[in-house]
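Take a look at the model below. A guided walk through some of its parts follows.

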Amino acid sequence: MTAAPAFPMFVSVSEATAHLSALLPEPGVDRVPLSGALGRTLAEALAARVSHPSATESALDGIACREADTLAATADQPVPLRVVGESRAGQPFAGKVGEGECVRIYTGAPLPLGTDAICPVEQLTDQGPDLVLLRRPARPGDVRPEGQDFHAGDVVLTEGVPLTPARLALAAALGHAEVTVRRPYRVALLSTGDEVVAPGQPLRPGQVYDSNRVGLSALLRECGCEVLDLGHALDSVDALHAALDAAGGADLLLTSGGVSMGRYDFMRDLLIERGTVTFWKVRMRPGGPALLGRWAGLPVFGLPGNPVSSLVVFGLIVRPALTGQPLRPVRLRAGTEFRGVPDKTVYARGVLRGAEVHAYRQQSSGVLRSLSESDVLVIVPEGQEVPAGADVDVLLL
Ligand code: AMP
Ligand code: MG
């Protein structure tokens, strides 16, 4: 009888992510200008230093007036108002507006004292420089109240969010020129396999191009990581041993291939026999054989070699651990049936057709086109089937 392994096997996707997060070091922080912060993760909460708008202001070009003065205005019986001044963005009208009066106003300009509504320029007829005729009542809704976006002191951006273009613009509007962001993880990347050849080289029968390293390197950079490309190692204990040693200094080593059940899957053997294993195998398809362990203190995540598996496991387990951003499924209607399997969650490639998701024609984990030509991963929970017409959780690719 063989002894039970000393590490958990067949963990769930969320358990796998939690295990990997626990092995990653606490990221340091950098202080960077907004221009250098795109894609970085905010490492502080950002409060508004000002209110926006700073005062109640106009949302369009026209006149500011008292709504009550304009209620009777129609195209046939326009209401005259006397123009007593102008309010421009950055140059407010200093006085107070009285009954039967108005002020010419432009988008972003503060609403003068005494006024509560805007009449857009399209609804006005000028009768000389100091008189306008309104053909419709003014609208209070064309006013942007003070603090409509945020008030000074409001905490508007929370720690841990990725800085997208919209969030960088918001940080600027809050009054920040620099932000504290997480220091990128340094991730060493290695592909393995005797049959694996760098793209562009001639290919002999039975060989495959190293697509995993290209895809994984891009995924890592998308997560804001610094990539230490260790190239490719042959399927030998010595070659892998040397590559593992070369990754020292990184925060994580990501490998592809050699962690499954095969005789030449030496990455698995090395970690089990000479490293430490945190878990082996995840209850997912594609991607089942993934392995997490440590090599002299360095966390090592062994991705399966199958091209779809390696990229899907990255997206489901590695990315959430590196970025701290959980998976965010959305609900869609299944236009075709999606089959499940017992004891594994299936992540099926799906194509959007209108508001429905259809199964991609080929679900093999070796068919890289299925990822390239699909829009979503459809989540079929363990032991379940999704019939056509049912609602299903999907992850956007
Ligand atoms: P393995 O996990 O090493 O057993 O590999 C499983 C399958 O993935 C085999 O068909 C390999 O040829 C293929 N494979 C392994 N590594 C890569 C890679 N870097 N790029 C593309 N395919 C790979
Ligand atoms: Mg292999």
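In what order do the six strands of the open sheet stand? The order is S8-S5-S7-S6-S10-S9, and the pairing is mixed. Strands here are DSSP runs of E with at least two residues, helices are runs of H or I with at least four, and both are numbered from the N terminus. Two strands pair if DSSP finds at least two bridges between them. Strand S8 (117-120) and strand S9 (124-126) stand at the edges; each has a single partner strand, so one side of each lacks a neighbour in the sheet. Neighbouring strands are turned by 40° against each other on average, direction ignored.

A word on the basis. This is a predicted model, in which local features need pLDDT of at least 70 and side-chain atom pairs count only at pLDDT 80 or more, while totals for chains, interfaces and linings use all residues. Residues are numbered from 1 along each chain as its sequence is written, and side-chain values use heavy atoms, with hydrogens and water left out.

Back at the edge, S8 runs antiparallel to strand S5 (residues 62-65), and four bridges join them. Ile 63 has Cys 119 of S8 as its bridge partner.

Now turn to two helices. The axes of helix H1 (residues 13-23) and helix H7 (residues 307-323) come within 9 Å and cross at roughly 35°. Axes are lines fitted to C-alpha atoms, for helices over the stretch in contact, and angles run from 0 to 180 degrees between N-to-C directions. H1 brings Val 13, Ala 16, Thr 17, Leu 20 and Ser 21 to the contact; H7 brings Leu 316, Ile 317, Val 318, Pro 320 and Ala 321. Contact means heavy atoms within 4.5 Å.

H7 also matters for the next stop, the largest nonpolar core. It supplies nine residues, the largest share of this core. The core has 37 residues, and Phe 301 and Leu 322 have the most contacts inside it. Such a core is a set of buried Ala, Val, Leu, Ile, Met, Phe, Trp, Tyr and Cys residues joined through side-chain atoms within 4.5 Å. Buried means under 20% relative accessible area, exposed over 50%, and partly exposed in between (1.4 Å probe, protein chains only). Beyond four places in sequence, Phe 301 touches residues including Leu 20, Phe 279 and Ile 317.

Last comes Arg 182, in strand S13 (residues 178-182). Arg 182 counts as partly exposed because its relative accessibility is 23%. Leaving out residues up to four places away in sequence, its contacts include Pro 27, Arg 40, Glu 159 and Thr 323.

Conventions. Chains are lettered from A and ligands numbered from 1 in the order in which they are written.
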